[in-house]
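Visitor: I am new to this structure. Please take one part of it and go through that part closely.

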Amino acid sequence: MTLVHKHDDAVEPTLNAAVLRQIRADIVACRLAPNERLRVEALRARYGVGGSPIREALMRLEAEGLVILEQNKGFRVSPVSLEQLHDLMSTRVEIEGIALRWSIEKGGVEWEADLLAAFHRLSRQKKTERGSGNAISAAWLKEHRNFHSALVAACGSRKLMSIREGLFDQAERYASLSIISRFPTRNDIGEHEQIMRAALARQAARATQLLRAHFERTTERVAKSLAAPARTVRLRTANGKDVK
């Protein structure tokens with residue numbers, strides 16, 4: 001094997017992983033809208049890569065539930081619905097609650113320090129990009145994910161964390177819909193701080209109760225956005241068209 005081949009073998013998995021992360025991020029942030037058709041050629045132009053990494057990413061995202069493959073029609077972003085929302089969020093409450101309790105039981109000083117740092121970074125972010133209307137801030141999405149991951153990081157179960165991660169991606173997509181729908185702002189930084197303080201105080205029952213309330217508020221807001229046609233948001237698709 002030549003050096004060039006070795007280099008290509010090393011670069012290919014990295015490229016595929018990067019494309020997967022970007023498409024997933026665009027779906028979660030609703031830059032690729034629910035139910036939007038995902039044409040390979042349009043995605044190649046959008047991300048500046050070949051068709052193979054795109055197709056591999058779409059197959060992975062189908063397995064994660066963020067994309068659906070329709071016979072003779074190709075790929076499409078998974079639709080959203082009130083039924084799916086309630087099913088997803090009730091499951092997420094239970095899984096996150098278990099992970100948080102275990103994390104509080106097992107977490108040490110390093111976990112406490114990481115959680116404090118994650119909250120500090122999140123508290124410095126705005127949900128939307130300045131001067132971009134209702135476009136969700138990529139930095140906020142990143143730090144929001146990092147904070148919730150830091151809460152449960154010491155749970156000690158890889159299997160539980162894997163299940164939780166998949167639920168988080170799907171739930172965050174619904175949360176993004178409520179953000180871009182321009183509902184009145186909420187004090188979610190205060191909510192996050194209360195959860196963090198209860199966790200650091202080793203008050204497992206209070207921390208899980210606050211986490212449940214946090215998720216329930218999100219569910220309520222998303223449900224309102226899905227049920228209010230007047231607030232439907234026009235989003236720019238990968239093909240340069242607007243969808244509702």
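Guide: What follows is a close look at helix H8 and the loop after it. This is a predicted model, in which local features need pLDDT of at least 70 and side-chain atom pairs count only at pLDDT 80 or more, while totals for chains, interfaces and linings use all residues. Residues are numbered from 1 along each chain as its sequence is written, and side-chain values use heavy atoms, with hydrogens and water left out.

Helices (H or I, at least four residues) and strands (E, at least two) are DSSP runs, numbered from the N terminus. H8 has 13 residues, 188–200. The expected span of a helix is 1.5 Å times one less than its number of residues, so H8 should span 18 Å, and its end C-alpha atoms are indeed 18 Å apart.

Buried means under 20% relative accessible area, exposed over 50%, and partly exposed in between (1.4 Å probe, protein chains only). In H8 the buried residues are Asp188, Gly190, Glu191, His192, Ile195, Met196, Ala198 and Ala199. Their cover includes helices H4 (82–106), H5 (109–123), H6 (138–152) and H9 (204–227).

Just after H8 comes Arg202, placed in the loop between H8 and H9. Arg202 is not a glycine, yet its phi is positive, about 65°. With a relative accessible area of 32%, Arg202 is partly exposed.

One residue of H4 also belongs in this picture: Arg101 lies in that helix. Arg101 and Gln203 are 102 residues apart in sequence but 9.1 Å apart in space, C-alpha to C-alpha. Leaving aside residues up to four places away in sequence, Arg101 touches Ala204 and Thr208, where contact means heavy atoms within 4.5 Å. Arg101 counts as partly exposed because its relative accessibility is 35%.
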